[in-house]
Amino acid sequence: MDKYIVNGGNGLYGTVNIQTAKNSVLPILAASVLTDEKIVIRNVPAISDVHNMIKILGCLGCRCTYIDRDVEIDASCSDCCEIPSVLARELRSSVFLLGSVISRFRKAKIAYPGGCDIGLRPVDLHLNGLKRLGVRITESNGYISCECEQLTGNEIMLDCPSVGATENIMLAAVKAEGTTVIKNAAREPEIEDLQKFLNYIGAKVSGAGTGTVVIHGVNKLGGGEFLPICDRIEAGTFLIGAAMCGGEIQLNGVNAELLSSLLHKLRENGCKIRVKDDKIMLRSDRRPYSVKSIETQPYPGFPTDLQAQMTALCCVCRGNSIVTENLFETRYKYVPELKKMGADITVIDRNAFVHGVEKLKGAEVIAHDLRGGAALVIAALAAEGRSEIFDISHIDRGYSDFEYKLRALGGDIVRVAV
Ligand code: UD1
């Protein structure tokens, strides 16, 4: 297992090209099982979640290649509807495959999905949605088994706007008989991107990006090439990093609209931000001001996936901040690690009360999950002295070329095999 060694204190200056969105690529890869024609997904980030999804598609009998950042999938030879537990446990998004595998084979079997340990993360909304489409589900020995004679469109009301459940039900409904209406659907931009991809290959989906998604079932889907949207969470991580370390950076290939809630907060922090076409420029030349409160919400609210990075920034702001995590139960596992770096944070229930200190200090810390790990990296870059960040395989799940991109900006960070 690798670790990062970081010597903090450098400002970040320069340009970063933003990767395509992990959370868009993964459901699109799952969707490729729905068609017999060749799919090419362009500019796919080299992250372990993608590698694991490709391995799972391979286990399902799909032919997949990943060359020069393009993934090519030929699912015409797919002949297996069972997802092995070793892989399902590596990757939460494996659960999206239920929708497309059941659509293809009328049956599917998958071990309970893994992913970041940030809360309970049940899949009841996914399963209830599939049941409404006519799927019979049994759960035993850590496996979910699904079966149906045919999938039939229906109205599905989600108890809460789950991103994964919305996407999974969309995938199951695309080739179902009749029309499916998902109410209280999640509105994340990655769901709109999935709709765009599905329609591009011949589906009839509308409403993604609003609370109601309508899917008219079709018999057959085609193939083609697709470029997913930018990764707003990777982009946000670099912006927060530059706000924290000081400096001036430009992000290329981003849609600033998707980052409105973050940009609003960073302006409150005192950062100078300009947006032009697909670029965001951020300058931070003084110690940031605190923002009074940050609450994670479903899109278009402040993303839970930037909560840890933003809390790290609050640690060095002038004054106090309150961060509230509303989506996941245990998303503060990085806090004890930040405290080793001198952060002054008290967590009570869903709230983190942060008193800004002048400087953090380098320390040995452990990444317990993907975004918490990224927060520790930017904290270490901003801190005085040397840090070591262990268990960075969590970070590899979502950031491609992370240390290369940070080094190009002037960050002193190296990866070392432990
Ligand atoms: C997706 C994102 C993840 C992000 C999250 C919230 C992907 C691959 N991952 O995760 O990066 O942090 O959205 O923006 O796109 N819930 C239930 N029952 C369910 C499903 C969810 O109770 O069946 C609850 C969850 O416990 C959580 C909330 O709904 O409290 C939101 O979760 P959800 O939107 O489903 O997150 P994911 O799709 O897992």
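This is a chat about the sheets, loops and one surface patch of a predicted model.

Me: Let's start with the sheet that has S10 in it; what is the strand order?
Reply: The order is S10-S11-S13-S12, an open sheet of four strands in which the pairing is mixed.

Me: And which strands stand at the edges there?
Reply: Those are strand S10, residues 155–157, and strand S12, residues 204–206; each has a single partner strand, so one side of each is left without a neighbour in the sheet. From one strand to the next, the twist averages 10°.

Me: How do S11 and S13 pair?
Reply: Strand S11 (residues 179–183) and strand S13 (residues 212–216) pair in the antiparallel sense, over five bridges. As one example to find in the viewer, Thr179 has His216 in S13 as its bridge partner.

Me: Which helix lies across those strands?
Reply: Helix H6, residues 163–173, lies across S10, S11, S12 and S13, and it runs at about 175° to S11.

Me: While we're here, where is Gly209?
Reply: Gly209 sits in the loop between S12 and S13, where it is partly exposed with a relative accessible area of 24%. Leaving out residues up to four places away in sequence, Gly209 touches Arg187 and Glu192.

Me: How far apart are the C-alpha atoms of Gly209 and Ala21?
Reply: They are separated by 16 Å, for two residues that stand 188 residues apart along the chain.

Me: Switching sheets, what is the order in the one with S2?
Reply: That is an open sheet of four strands too, with the order S2-S15-S17-S16 and mixed pairing. Strand S2 (12–17) and strand S16 (272–276) stand at its edges, and each has a single partner strand, so one side of each is left without a neighbour in the sheet. Neighbouring strands are turned by 10° against each other on average, with direction ignored.

Me: Which helix packs on this sheet and touches S2?
Reply: Helix H8, residues 232–245, does so, touching S2, strand S15 (247–252) and S17, and its direction makes about 170° with that of S15. Helix H9, residues 260–268, lies across S16 and S17 and runs at about 145° to S16.

Me: How many bridges join S16 to S17?
Reply: Five bridges join S16 to strand S17 (residues 279–284), and the two run antiparallel. Within that pairing, Arg274 has Met281 in S17 as its bridge partner.

Me: What about the loop between S16 and S17, which residue is found there?
Reply: Asp277 is found in that loop, and it has a positive phi of about 50° although it is not a glycine. Asp277 is exposed, with a relative accessible area of 68%.

Me: Where is Arg106, and what is its phi?
Reply: Arg106 is in the loop between helix H4 (96–105) and strand S7 (107–111). Phi of Arg106 is near 65°, a positive value in a residue other than glycine, and Arg106 is partly exposed with a relative accessible area of 30%.

Me: Next, backbone checks: which residues does the cis peptide bond join?
Reply: The cis peptide bond joins Tyr299 and Pro300, with omega at about 10°. Pro300 has its place in the loop between strand S18 (293–295) and helix H10 (307–314).

Me: Last topic, the surface: which residues form the nonpolar patch?
Reply: Ile322, Ile348 and Phe353 form it, with about 240 Å² of accessible area together. Of these, Ile348 lies in strand S20, residues 344–348, and is partly exposed with a relative accessible area of 47%.

Me: On which face of S21 is Phe353, covered or uncovered?
Reply: Phe353 is on the uncovered face of strand S21 (residues 351–355), along with Asn351 and His355, whereas Ala352 and Val354 make up the covered face. In a regular strand the side chains alternate between the two faces of the sheet.

Me: And which strands pair with S21?
Reply: Strand S19 (residues 320–324) is joined to S21 by five bridges and runs antiparallel to it, with Asn351 in S21 as the bridge partner of Thr324. S20 and S21 also pair in the antiparallel sense over five bridges, and there Ile345 stands opposite Val354.

Me: What does Asp349 do in the hairpin of S20 and S21?
Reply: Asp349 takes a positive phi near 55° in that hairpin, which has two residues between the strands.

Note on methods: Residues numbered from 1 in each chain as written. Predicted model: local features only at pLDDT ≥ 70, side-chain atom pairs only at ≥ 80, totals over all residues. Heavy atoms only, no water. Patch = residues over 30% accessible without salt bridge, like charges linked within 9 Å, V, L, I, M, F, W, Y side chains within 5 Å. Areas by Shrake-Rupley, 256 points an atom, 1.4 Å probe, with all protein chains shown as cover. Salt bridge = Lys/Arg side-chain N within 4 Å of Asp/Glu carboxyl O. Buried < 20%, exposed > 50% of the residue type's maximum accessible area, 1.4 Å probe, protein only. Pairing = 2+ DSSP bridges. Axes fitted to C-alpha atoms, helices over the stretch in contact; angles between N-to-C directions. Contact = heavy atoms within 4.5 Å.
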